[in-house]
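User: Could you take a close look at one part of this structure for me? I'd like to hear about any disulfide bonding, and then how that part sits within the rest of the chain.

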Amino acid sequence: MSAVLDKALPAERTEDQRRSWAAVFALARFEGRQLLLRLPVLFMFVLYAAYIGWTMRNAWTSYPALQDADRDTQTAPLLPALAVLLCANQAVLRSQRQDTDRHFAVLILEPWRRTIAFALSVVPVAVLTALFVAAQFTWAVLAPGSVGTGSVAELLVGPLTVLLAGMAGVLLARVVRWPFAAPMLLVLAFFASTFFGTLTDDSDSNATRWLVPVIGDASSKPLPSDLLGRPAAWHALYLVGLALTLALAAVLVNGGRTKTVAAALAVAIGLGAWGAVGQAGEVPAATVAARKVATLTPEKVQSCIRIGRSTYCAFPEWMPRTGTWAKVTDSVQSLAGGTAAQEKLLVRQRIEARYGVDGDGAILPSTVPYQVTVGTRWGGSRVPEFAAAVSSVLVTGSEKATESLCDGRTVTIMWMALGWQSDPVAQLRTVRLDDTVTGPSTVLSPTSSFAMTTEQTTVVRELFTAGRAAVAPKVKAHWAELTAPKVTTARVAELLGVKAPTGADKCE
């Protein structure tokens with residue numbers, strides 16, 4: 001009789017294990033649904049959705065570069081991540097608050113299996129975050145004028161951050177059974193991140209800054225995707241390993257001291273360490289060399305296309321944008337006179353890439369005659385800035401010559417740059433450093449800026465009021481004198497038929 005019972009025991013244990021794991025997944029589904037319905041989580045996802053709606057509106061008018069758009073999805077998930085950490089922690093401590101711990105002894109779930117269920121309950125929130133990230137990035141892909149290539153590893157950072165926060169909440173509840181531990185952790189994490197940020201620099205060679213989940217960049221100028229040098233895949237692996245380590249540590253602390261859990265924990269620690277070491281490496285030498293080539297000799301890696309009279313050279317990812325540049329170039333050149341109206345311009349895309357995505361170095365003016373610089377950003381103020389660059393090269397002959405500009409030619413340049421626009425006064429405000437349309441100011445351009453005096457600003461506005469039809473023939477008729485060095489603003493106003501200002505030109 002005892003022999004029969006002994007043979008039946010393994011089958012009974014197998015059945016109990018199946019029932020236990022079925023109960024784990026059932027509890028995980030229940031807790032996952034409860035976590036999604038918690039008010040803090042819902043509130044943070046509403047804020048997240050509002051943020052995405054705002055960025056979607058901007059993306060539709062800002063000609064996004066997808067290698068930047070993928071990183072733009074990483075910061076907003078911190079909102080639900082904070083709520084998930086707090087609510088996951090409270091879910092684990094619910095039985096303590098409601099004094100139901102003593103009833104668990106009659107259930108088939110051991111405490112460590114319940115911990116697994118709580119850890120699995122965070123997965124649906126991470127999946128929901130991934131859907132938000134996908135929506136935000138897809139909108140950028142569909143936006144008019146989008147260029148470049150996104151990274152799956154960069155897109156994974158947001159969902160992995162939420163997953164990591166949830167695992168931290170579960171582990172904290174198993175280590176410190178105090179309901180205020182999670183809020184205190186959030187406060188400490190905030191101050192620690194602030195203090196940590198003051199101790200580390202933002203250079204792409206600094207390994208310690210990659211230990212936090214989200215790594216921002218200081219540069220506002222997109223770089224070609226092959227020049228970024230970000231260890232995105234290593235960082236994603238680091239976050240995966242860290243999240244698994246926290247979850248398995250919670251299981252181990254709560255009694256799951258089995259060989260399987262110990263082995264899985266060792267693998268998770270190994271994954272996290274592997275990712276940490278990989279992301280701590282220096283920028284590859286090939287990437288450093290490619291950045292130098294793209295900065296100093298971009299013609300070696302660019303493609304060129306002839307559109308109309310002019311030639312447009314750009315990095316391969318930006319070639320679809322050459323047609324847009326050509327429309328602006330032709331519009332500006334249509335207002336020029338003399339030989340400038342037929343000049344064959346070379347529009348070349350130029351960047352400062354030697355300092356990586358965290359650098360924002362200035363681009364020096366080109367000394368090549370009739371070469372115009374265009375950057376990697378477009379839309380908004382970049383359009384009139386590029387138009388001003390085209391106009392100044394047509395008038396002075398090179399970007400370098402515009403640096404010392406301080407005479408009436410500024411009026412001709414600004415009228416050509418903006419006179420073809422439907423609202424030239426609004427564009428004048430956009431292209432000036434202080435966003436004004438009166439008084440002296442600095443005109444922005446892809447390379448060096450140049451000054452406008454109060455008198456020049458007044459004359460330019462009067463030309464806009466007179467209208468393109470009235471001014472354009474006079475510009476063409478008096479082109480030689482309007483573009484002569486040292487021509488005064490008063491003489492330019494007289495030639496173009498508007499009230500001449502008093503006083504000599506004096507740049508501030």
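Analyst: Here's a walk through the disulfide, followed by a few other spots and the chain as a whole. Keep in mind that this is a predicted model.

Let's start with the cysteines. Searching the whole structure turns up one disulfide, and the pair involved is Cys304 and Cys313, with their sulfurs 2.0 Å apart. That sits inside the 2.5 Å cut-off for calling a disulfide. As a reminder, a disulfide is a covalent bond between the sulfur atoms of two cysteines. What about its handedness? The torsion about the S-S bond of Cys304 and Cys313 comes out at about 110°, so this disulfide is right-handed.

The two partners have their own surroundings. Cys304 is partly exposed, since its relative accessible area is 46% and the partly exposed class runs between 20% and 50%. Cys313, on the other hand, is buried, because its relative accessibility is 2%, and buried means under 20%. So the bond links a partly exposed cysteine to a buried one. Elsewhere there's Cys87, which is buried too, at a relative accessible area of 1%.

Now for a buried residue with a polar side chain: Glu154. You'll find Glu154 in helix H8, which covers residues 152-175, and with a relative accessible area of 5% Glu154 is buried. What does its side chain pair up with? There's a polar contact between the side chains of Glu154 and Gln74, at 2.6 Å. Leaving aside residues up to four places away in sequence, Glu154 touches Asp70, Arg71, Thr73 and Gln74, along with Arg230 and Ala232.

For another helix residue, try Ala266. Ala266 belongs to helix H11, residues 259-279, and counts as partly exposed at 49% relative accessibility. Ala266 and Thr245 lie 21 residues apart along the sequence, with 8.3 Å between their C-alpha atoms.

Zooming out, the protein chain has 21 helices and six strands. Of its 508 residues, 47% count as buried; Cys313, Cys87 and Glu154 are among them. Taking contacts between residues at least 6 apart in sequence, 75% join residues at least 24 apart. As for the outside, the accessible surface of the chain adds up to about 23,700 Å², and carbon and sulfur atoms account for 65% of that.

Conventions. Residues are numbered from 1 along each chain as its sequence is written. This is a predicted model: local features need pLDDT of at least 70, side-chain atom pairs count only at pLDDT 80 or more; totals for chains, interfaces and linings use all residues. Side-chain values use heavy atoms; hydrogens and water are left out. Buried means under 20% relative accessible area, exposed over 50%, partly exposed in between (1.4 Å probe, protein chains only). Helices (H or I, at least four residues) and strands (E, at least two) are DSSP runs, numbered from the N terminus. A polar contact is a pair of N or O atoms within 3.5 Å; within protein, one must be able to donate a hydrogen and the other to accept it, and residues adjacent in sequence count only if both atoms are side-chain atoms. Contact means heavy atoms within 4.5 Å. Accessible areas come from the Shrake-Rupley method with a 1.4 Å probe; for residues, only the protein chains shown count as cover.
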